[in-house]
Structure formats: structure tokens, C-alpha cells
Amino acid sequence: MSILKQQLLASTASNDADPLKQDFRKFLWLIWKHINLPSPTPTQYDIAHFLQHGPNKIVVEAFRGVGKSFITSAFVLWCLYCNPQMKIMVVSASKNRADNFVIFCQQLIQTVPELAFLKPKANQRSSRVEFDVGPAEPDQTPSVFARGIDSQLTGGRADIIVSDDVEVMNNSMTVAARDLLIEKTKEYSAILKPLAHARIIYLGTPQTEDSIYNKVPETFVKRIWPAQVPTPDEVHAYGDDLAPRIRKMFEQRLYGHPTDPERFNMDELIDRRAEYGAAGYQLQFMLNTKLSDEERFPLKLKNLVVMPVPPAKAPVDVYWLPNPDRELKDLPNHGMAGDKLYAPAGHSAEWLEYQQRVMSIDPSGRGKDETGYAVGFHLAGNIWVPEAGGFTGGYEPETLDKLAHTAKKHRIQTIVIESNFGDGMFAKLLEPVLLRHGVTAEIVEVRSNTMKEQRILDVLEPVVTAHHLIVDPSVFEKDDESIQKYESMIRNHKSLFHQMTHICRQKDALRHDDRVDALAMLVGHFVELMNQDARKVAEREHAEWMAEQLARFHDSPLNRGFSSGSHRWTGGRVI
């Protein structure tokens, strides 16, 4: 039993005689009957039990249409029914939604006879956005009050904060937007009374794997109620957060069965799947962000080939195979949940020297940006990456020296530099440093005027998904090591592989993009070379084919007499 429940039961001597105060589920049944709804379903009762007996900080995720906001409205009234001195704040993504929550509570007080004693008195507050209950003692804070997450949250104190769907698509599409939302929800702690019974209750549906509901502090306990029992392939996405009742159904191997058939039977769920589409259904009904993220974030670590990059020669062909026995579990993984790294299945016996050795640099702009860099070697359509990362700062001598040392170490032939910032100044500063280190690489400046996220994905997606990007294991280790100096709030955002797997085709999708931008510049340069090489190869193959056909023609019995004389056909003329 929660601390809050113990206090509620102790608030009046008559609690033991009142079954509505002892069990919120009975109170919920009463409210459902008064608003002409069928008896609560097993899932609704399960959520009600968790609201009453769960810890002081909880997250409730339940499928669309289960009525979690209705259930929580009844819970708010149950708390006031047990202890009218409670102060409860309701926060939603929009002020209008929060107001509707409060209005619904007021309507129930006015219509349910058992709640008549909670009706506000003539000298108490009673409006669409806040109200007092009759027995409440005078206080600066109303008994129940509504706020939008974008409004001023401070100004009152609360025993219970109900955060009802504060994350919606409009305020969570980008990393910056989600970070801002997280900062706003941190204000809850300042509003919550410093009492043992104080509670924070999140209700919501995650919009992405990077959802704020997946980033609540470890002090919160989460419960998830999907519309169907997950399959063995799906269950890992829920971790330890699957509601015990659903977990029991999974252990009974009821895979795919409706979890609440009284609310949605199988036929209705099939209709919902057709209506919402595969991605929408997974998000709204299965509460599984994996499929949604698969579509929004196309770059996956599993599509990389991870193997040591030889310094001079490499195999012409490398074979990608994402088998479990090839998984590299010991390497740092900053990709999406469930994404994995794999070693190759093997490679060809033929080894050749690299055709081109290139280094790309994305100079630091302002603020806390890094100077991103990537080193790559090109051979037979594959791009081998022995080193990539970021250096703090941009134009400082120490940063320039590190870049020059990296170029010398890998015997770089061409250095590609983004010239958008500083109008080519970075290249002019780097040239003498390169010469001092004995590096004679050609410097190529590139400029872009298209949306960065679109450009990066247009370049990387075809190469990564075709398994032509081969990365040295040390790149993952050094990438992880290099971000440890940053504060926890931004540490992951600095990782190359976090940036790579979290970028989508939306402006400002990433908080930091220096390292992945440098990688995209490197791949983009090679793609241009590969396109040129492809044309040359096609011309050469056509010439070889023509020569073969001519040789066969000369050896033909029909041509022996002609070709054995003084005349010979050469593909367009006789000599």
C-alpha cells in the first residue's frame, strides 16, 4: 500500500467502514455506472490498482481508447473523497486539454450523489480552470487546478501532479523540442509539496524511442498496457515495464491475443490496424516505438560492417551477415534501443591497395560545437573508416595540430573542408600546419545551401543500407571515450553513432551534428568519385565486350575466307 493511501485511510476514523475509501476500484465502478458506462474492464481495473497502490512516482502508458484520462479523473476525485484537503495540479500539452480534465471532475461532483459534499461553497473558487471542494480549508492553492505545459507552472503547491499527455507530436519531433519539454517537466519538483505522500503521475503515449517517458528519472516506476500480448520478437522492446498482468499472458504464450477484449476484440483491433497503418498502430496501440523509429530514423548500426581497417591494402569484397553469432556485444553502442553491431561473415581472397585516402573536416562554429572529422579509404565501392570523431574547439593551434597529425598518420591524399563558416578561413589556417607536419594533401572546400539533415541522409542512407560502410572497432571505442568529458545531459548527443542513428529528415533533428556531418562529407566525396569511376568502368567494359565480339566474329567459319586474306574487319571499316 502506498504512503498516500495510508495517509488517506488515516485522515478519517470512518474509512474502515467505507468500502469506497478502501478500494479505488469500487469507487471507479461507481463513477462508471453514474456516467452510463459498462463495468470497468480488467485492464481498467489493473490501471486503477496501480494508481492506488503504486509508488509515489509512476508512469502509466496504455493503449489508445482504454480511458486512462477518465480513470485518472476518477482517481483525482477519489483522493479528494478520502481527503478533501488535497491539492491536485493537472498538466497537459495544451491548456484546453487540462481545462477539460478539470471540467470533467467538476461535472462528476455535480452529478454523483456520493460526491455532493465536495461541491464548492458560494465563497469558494469554482471556474473552468480551477475549483475548491466544499470541505477544503482556506488556502492560496485551489483543490484542483489546470495548467498547459507551455504556461507558467509555478505559483501553486500540489500534493499530486497529474501529467496527462504532455508529450504530443507537435512538441516532441526534434531533440531540441524534447529537451525543452524535459526541462519544463523538471518544474514539477518545485511545485510538489515536500511531503512523504506527494505524488507525480505521468499518463501518456510515447512518440519516439527518445520519448520523455523513456527518460524519466530512475525513481519513477513505469507500467505499460499494450492492446495485444506482444510476441517473443516484440517483448524485448518493453524491458521490465510490461504490466504484470500482460507479462503473465505472455508467459502463457497468448501471443497476439487482445489484452482487453471487452474494450477491443480481435476484429476491432484489425480495423484499428487498417485505420492507423502499421506504424501508427504500433505507436498508439502497442506502445512500441520501434517500427515508428525504423521509418523516421533510417540509419542503423546493424547495417554497418565492423572490422579492423588495414592500413595499406584491403579485401575487394566484404560479406555482411547480421547473424547472432556475429554480434559484437563488447563495443559501446549509442544507437537506438535494439540496434546491434555485427562483424562480417567473411571477405574475398583478393586484396588491393586503396584507390583514394580522404579526410573530411567540419569546422566548429560557435558555442559548444566540436570540429568533426572523419578519415576514409575507398576501394571497389566500399568505404573503410579507420578513424572519426570530434575535437573541442575549431581554430585553436592545438586542434589544427591534431588534425594535421591525423592526416599524416593515415597518409591522406585529399582533405575536404566545409567552408560555410568563416568563408574559407579554416583552410587557410590549416595549410601551414599541414606543411609543418609534412602533409602535402590537396585541400578541397565544399559549400552546402540545402537543409543539413536532408543532405546528410541523402548521402549516408544509400551507402549504409547497402553495407558499403566498413568501420574499425576502435572508432566505436574512441567515440565513447571522447564523450565522457561532457555533462550527462549532452554526453550521448556528442557521440558520432548517436548522431547517425537519431537523425531524421526534419530541421534541427539533432542537438549536435558535427561528427555525423563530417562523416557525410567524407562519404559524399567518395560517392562523386564512385560515380565517375562507374562511368569509366562502364566504358571500359563496353570496349572489352566489343573486342570479344569482334574476336568471335573473326574466328567464325563464315568469316574465315574473308579474314584469312589481306582484308580484316575492325568494327566499322575494312583494312
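This passage describes the helix contacts, the cavity and one pocket of a predicted model.

Three helices near the start of the numbering were examined in pairs. The pair H3 and H4 spans residues 24-34 and residues 42-53, respectively. Their axes come within 9 Å and cross at roughly 130°. Angles over 145 degrees count as roughly antiparallel, and 65 to 115 as roughly perpendicular. H3 is therefore oblique to H4. The crossing of the two helices is right-handed. On the H3 side, the contact is made by Phe24, Arg25, Leu28, Trp29 and Trp32. H4 contributes Gln44, Tyr45, Ala48, His49, Leu51 and Gln52. By class, seven of these residues are nonpolar, three are polar and one is charged.

H4 also meets helix H5, which covers residues 68-82. Here the axes come within 10 Å and cross at roughly 40°. Angles under 35 degrees count as roughly parallel. H4 and H5 are therefore oblique to each other. This crossing, too, is right-handed. Gln44, Ile47, Ala48, Leu51 and Gln52 of H4 meet Ile71, Thr72, Phe75 and Trp78 of H5. The contact has six nonpolar and three polar residues, with no charged ones. Several H4 residues recur. Gln44, Ala48, Leu51 and Gln52 take part in the contact with H3 and in the contact with H5.

H5 also has a part in a pocket. The second largest pocket has a volume of about 540 Å³. Its lining counts 22 residues. Of these, Arg64, Gly65, Val66, Gly67 and Lys68 lie nearest the centre of the pocket. H5 gives the most to this lining, with three residues. By class, the lining holds six nonpolar, nine polar and seven charged residues.

The enclosed space was considered next. The structure holds one cavity of 30 Å³ or more. The largest cavity has a volume of about 40 Å³. Strand S15 (382-392), strand S18 (469-471) and helix H17 (496-502) each give two or more residues to its lining. H17 provides the largest share, three residues. The lining consists of Leu304, Val385, Ala388, Leu469, Val471, Val475, Leu496, Phe497, Met500 and Leu519. By class, ten lining residues are nonpolar, and none is polar or charged. The lining of the second largest pocket, by contrast, includes polar and charged residues.

Note on methods:
Residues are numbered from 1 along each chain as its sequence is written. This is a predicted model: local features need pLDDT of at least 70, side-chain atom pairs count only at pLDDT 80 or more; totals for chains, interfaces and linings use all residues. Side-chain values use heavy atoms; hydrogens and water are left out. On a 1 Å grid over the protein atoms alone, a cavity is a set of points where a 1.4 Å probe fits but cannot get out, and a pocket is an open set with protein on both sides within 12 Å along at least five of seven lines; lining residues have an atom within 4 Å of a point. Grid points are joined across faces, edges and corners, and a volume is the space filled by probe spheres set on the points. Helices (H or I, at least four residues) and strands (E, at least two) are DSSP runs, numbered from the N terminus. Ala, Val, Leu, Ile, Met, Phe, Trp, Tyr, Cys and Pro count as nonpolar, Asp, Glu, Lys and Arg as charged, and the others, Gly among them, as polar. Axes are lines fitted to C-alpha atoms, for helices over the stretch in contact, and angles run from 0 to 180 degrees between N-to-C directions. A crossing is left-handed if the near helix is turned anticlockwise from the far one by less than a right angle, and right-handed if clockwise. Contact means heavy atoms within 4.5 Å.
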